[in-house]
Amino acid sequence: MSGLYAAEICSYIHSVATILTPREQSQTAAAARKVGGYEELLRLERERRKIARDGSATRVHRDPGTGRFNVQRG
Amino acid sequence: MNLTLGVLAGVVLLLPGLIALSAWNLRASRSGASRPELPLTAVSVLVIAIGGALVAHLVSYFVSEAGLRLAVLVGDGLQAALPALEQFLPGRHLPVAPANPFVTILSAAEGKPVSVSDLTFVGLVIVGEMMVVTSIIAHDGFDLLLDGFDLANQGWVYQHVIRPSKNGYRPIAHVLTTTQLNGYGIGYRGLVADIRQSEKGETLAISLLDPERFLYGVSIPDAGAENEPAFGRHAVDHVGGVVSIEAKSIFNIVVQNVLADLVDDIEEEPGPDVPDEEGVADV
């Protein structure tokens, strides 16, 4: 069995029965907690889509005064 | 060839197609939105297995033929260009190239004697076919090839959970449960970790990672009031860990997707120091 073949099978078996990898899951959950919950995360996604609709790049910014995250052109 | 050997040979010849089906089923279970596997007795499944095996055999016939001819050419060239070879290998000759494995199979089917080395070559070729077929189906490129085709017939789960998650989105579900008390119900919101579906495509269970729990209710205005009935959400609290909700408790499910790049940006942006919650494993 070639190394390439073994690597493919191992990566395949590794992620069995998950929609996202464990790392992606924990990363998304941590991001939701960081911004204040899933509702805030979804609000940021709506802001991102609104800005991205005209082709602009976006970046996440945290207002140090309010501690609230928002999406800006960038 | 007697019946037993005939059946055995038939199964061996179908192996590449059967392996392709097994790899496909394993790949479907990878999505985390699983449905029962199709039974092997289904006509469509058998047709796929036979078709896959035929394609694999056809390709390997030409590859074997080309490889054997190349090997014979190289061998002839070596013997012609290096007459001194005999000095180093007195009395020895380069091994005879085996027959094309599919010629061997036909010879065996006709009852003609076949050598052990030819049979071994047949086995090697079939094992090679199985490895190649598994590699192709396990490869991420195969996903790209079939992107947009809901081959497992998973319906909305494919379009709104599996496909987005394979294309850089993270599915977040709001699940309203049937638990009701004094006009209030319990709902959960979290990252979709797993969905199970029945053979008919009904949702059997959904698991949410690191969920929040909330109370919901519909406010009905008094008679004569101007305001309209409204859906209200109250008292959100963080549960953490994983919640698995079975079909009998699911009232409805709403799925929204968040771009993975947004999650990456949030991760990079410095935020308040919030300790890790219990129940969410750091990977």
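1. Where in chain B is E202(B) found? In this predicted model, E202(B) sits in the loop that lies between β3 (184-197) and β4 (203-219) of chain B. Its relative accessible area is 48%, so E202(B) counts as partly exposed, given that the exposed class begins over 50%. Leaving aside residues up to four places away in sequence, E202(B) touches R196(B) and Q197(B), and its C-alpha atom is separated by 9.8 Å from that of G155(B), which is 47 residues apart from E202(B) along the chain.

2. Strand β4(B) runs antiparallel to β6(B), and 5 bridges join the two; within this pairing, L208(B) stands opposite V243(B) of β6(B). Along β6 (residues 242-246) of chain B the side chains alternate, with V243(B) and I245(B) buried on one face, whereas V242(B), S244(B) and E246(B) point to the other face and are not buried. Such alternation between the two faces of the sheet is what a regular strand shows in general.

3. The largest nonpolar core has 37 residues, and those touching the most other members are L41(A), I206(B), L208(B), L262(B) and I266(B). Apart from this core lies another one, of 6 residues, including A23(B), A56(B), V133(B) and F142(B).

4. For I266(B), the contacts beyond four places in sequence include A31(A), K34(A), V35(A), L41(A), L44(A) and V60(A).

5. In helix α4 (residues 101-109) of chain B, the buried residues are P101(B), F102(B), T104(B) and S107(B). Just after α4(B) comes G111(B), which takes a positive phi of about 85°.

Definitions and conventions: Residues are numbered from 1 along each chain as its sequence is written. Chains are lettered from A and ligands numbered from 1 in the order in which they are written. This is a predicted model: local features need pLDDT of at least 70, side-chain atom pairs count only at pLDDT 80 or more; totals for chains, interfaces and linings use all residues. Side-chain values use heavy atoms; hydrogens and water are left out. Buried means under 20% relative accessible area, exposed over 50%, partly exposed in between (1.4 Å probe, protein chains only). Helices (H or I, at least four residues) and strands (E, at least two) are DSSP runs, numbered from the N terminus. A nonpolar core is a set of buried Ala, Val, Leu, Ile, Met, Phe, Trp, Tyr and Cys residues joined through side-chain atoms within 4.5 Å. Contact means heavy atoms within 4.5 Å. Two strands pair if DSSP finds at least two bridges between them.
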